[in-house]
Amino acid sequence: MRTQVAIIGSGPSGLLLGQLLTNAGIDNIIIDRASKDHILSRVRAGVLEEGMVGLLDRTGAGERMHREGLPHEGVSLAFDGRTKRIDLFGLTGKRVMVYGQTEVTRDLMDKREASGALSIFEAGDVVLHDFDGDQPHITYKKNGTTHRIDCALIAGCDGYHGVSRRSVPKAAIQTFEKVYPFGWLGILTDVPPISHELIYANHPRGFALCSMRSSTRSRYYIQCSLDECIDEWSDDRFYDELRRRLPAEQAEPLVCGPSFEKSIAPLRSFVAEPMRFGSLFLVGDAAHIVPPTGAKGLNLAASDVHYLFEGLQEFFGEKSRSGIDAYSERALKRVWKAERFSWSMTMMLHRFPDTDAFSRKVQEAELDYLVQSRAASTALAENYVGLPY
Ligand code: FAS
Ligand code: PHB
């Protein structure tokens, strides 16, 4: 097989890029080691920046998002027994869209199928070849046969645990990492959410987040230690802990429905530099990870795709390399700003096991200052709704 762009990974990064390329007449093949059903079973992000919404519209897959998604104009912080709303729209003129990543993935997969572009699922042992040479290609195994895809360029959209970043010689890549000493225990339940907007809570017992997927589906998280066993967390125990971490007035309307998804996600900050190696371009989680506190992970994948797609259009259209040569530097400028924001939100809202009394007082002062200062609230709001591409 031969294509112009081989895309490894059929998550949001790969699907967004693949659809933009297909719409632009640039041939591409997506290859994923997982099955389509497994990819669609994943529960991850829930908040889309306007940039992501715009990209979904550009792919032609945004119709259901506008029909079923929830535009949000504010978000609340709960701490010290009180709750303070940050007026995102009033402070920035922008909104965020609450629409699950699972639905984004489903919409993009449906669009790709309708476009007739090729996706290969359950591809084993994907190997990248000669991406620093003049015959880049990919091999993979399926049904006992080894297949080869020759291409001009490779987009590594295969996430943190993927093969793309691992294929780069260690001497050619620099990584930056911070692992947090706790995780998020999250549940999904089909009951109305506690509030019409998201609530981020800082409590002496730990962080909590009240989110949603629709007006009838709630998404809740509580900070937990990394050695927690998910089987020891009944729904009742989860709701009791969530209720204890919220101000009484917020906890009062909590409807405790049966969970149909329950998982613990570890938190880390991670960046690989650069994001381009010859014909290989790292995109999304393959290049960077943020703690979900700032709702940036999926949205950073979108801005990577935006920058790379612009470069690929120039490369295949005007035969210019300037866009792809600039990709890594352009993407990393926005990546590091989102890394900073996600780190700062995580430091401000979580309880760290080794926090000393001074650090706790500083955290309280930061929250106090944030909700009293228009400048500080505006700074949080413009990062939360998404910095410009
Ligand atoms: P993805 O990881 O989504 O997709 C990578 C794809 O590559 C997968 O389909 C995988 O099967 C495939 N792949 C991997 N290795 C391969 C190989 N060797 N060969 C072929 N294919 C391979 N972000 C938020 O904004 N808010 C959240 O609340 C949030 N929660 C998260 C919870 C969890 C448990 C995780 C892991 C992430 C969460 N994120 C969250 C971040 C998440 O949304 C990512 O930013 C988003 O999935 C990035 O999309 P991709 O870059 O496409 O990577
Ligand atoms: C979610 O709904 O899954 C969600 C929302 C906001 C975050 C993290 C996760 O910051």
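Good morning. Let me begin with Tyr-200, which counts as buried because its relative accessibility is 1%, under the 20% cut-off. I should say at once that the model is a predicted one.

Phe-207 is likewise counted as buried, at 0% relative accessibility. What kind of aromatic pair do Tyr-200 and Phe-207 form? By the ring-pairing rule, there are 12 aromatic pairs in total. The pair of Tyr-200 and Phe-207 is tilted, with 6.3 Å centre to centre and 50° between the planes.

Set beside that pair the rings of Phe-238 and Tyr-239. Their centres are 5.9 Å apart and their planes stand at 85°, so this pair is edge-to-face, the cut-off for that class being over 60 degrees. Phe-238 is buried, since its relative accessibility is 1%, and Tyr-239 is buried as well, with a relative accessible area of 2%.

Tyr-200 and Phe-207 also belong to an aromatic cluster, together with Trp-184, Tyr-221 and Tyr-384. Tyr-384 has a charged partner: the charged end of Lys-296 sits over its ring, 5.7 Å from the centre. A further arrangement of this kind involves Arg-237, whose charged end sits over the ring of Trp-233 at 3.7 Å from the ring centre.

I turn now to the strands. Which strands are joined to strand 12 by bridges? Strand 12, residues 174-189, runs antiparallel to strand 16, residues 259-273, and 13 bridges join the two. Within this pairing, Leu-188 stands opposite Glu-261 of strand 16. Strand 12 is also joined to strand 15, residues 217-224, by 7 bridges, again in an antiparallel arrangement. There, Gly-183 is found opposite Cys-224 of strand 15.

My last topic is helix 3, which spans residues 50-59. Which of its residues are buried? They are Met-52, Val-53, Leu-55, Leu-56 and Thr-59. Viewed down the helix axis, these buried residues fall within an arc of 160°, and they therefore line one face of helix 3. The general background is that an α-helix has 3.6 residues a turn, so residues three or four places apart point the same way.

What covers the buried residues of helix 3? The covering elements include helix 1 (12-23), helix 4 (63-68), helix 6 (101-115) and helix 9 (297-317), as well as strand 3 (47-48) and strand 7 (96-98). Just after helix 3 comes Gly-60, which adopts a positive phi of about 85°.

Thank you for your attention.

How values were computed:
Residues are numbered from 1 along each chain as its sequence is written. Chains are lettered from A and ligands numbered from 1 in the order in which they are written. This is a predicted model: local features need pLDDT of at least 70, side-chain atom pairs count only at pLDDT 80 or more; totals for chains, interfaces and linings use all residues. Side-chain values use heavy atoms; hydrogens and water are left out. Rings of Phe, Tyr and Trp (its six-membered ring) pair if their centres lie within 6.5 Å; planes under 30 degrees apart count as stacked, over 60 as edge-to-face and the rest as tilted. Buried means under 20% relative accessible area, exposed over 50%, partly exposed in between (1.4 Å probe, protein chains only). A charge sits over a ring if NZ of Lys or CZ of Arg is within 6 Å of the ring centre and within 35 degrees of the ring normal. Two strands pair if DSSP finds at least two bridges between them. Helices (H or I, at least four residues) and strands (E, at least two) are DSSP runs, numbered from the N terminus. The arc is that of the directions from the helix axis to the C-beta atoms. Contact means heavy atoms within 4.5 Å.
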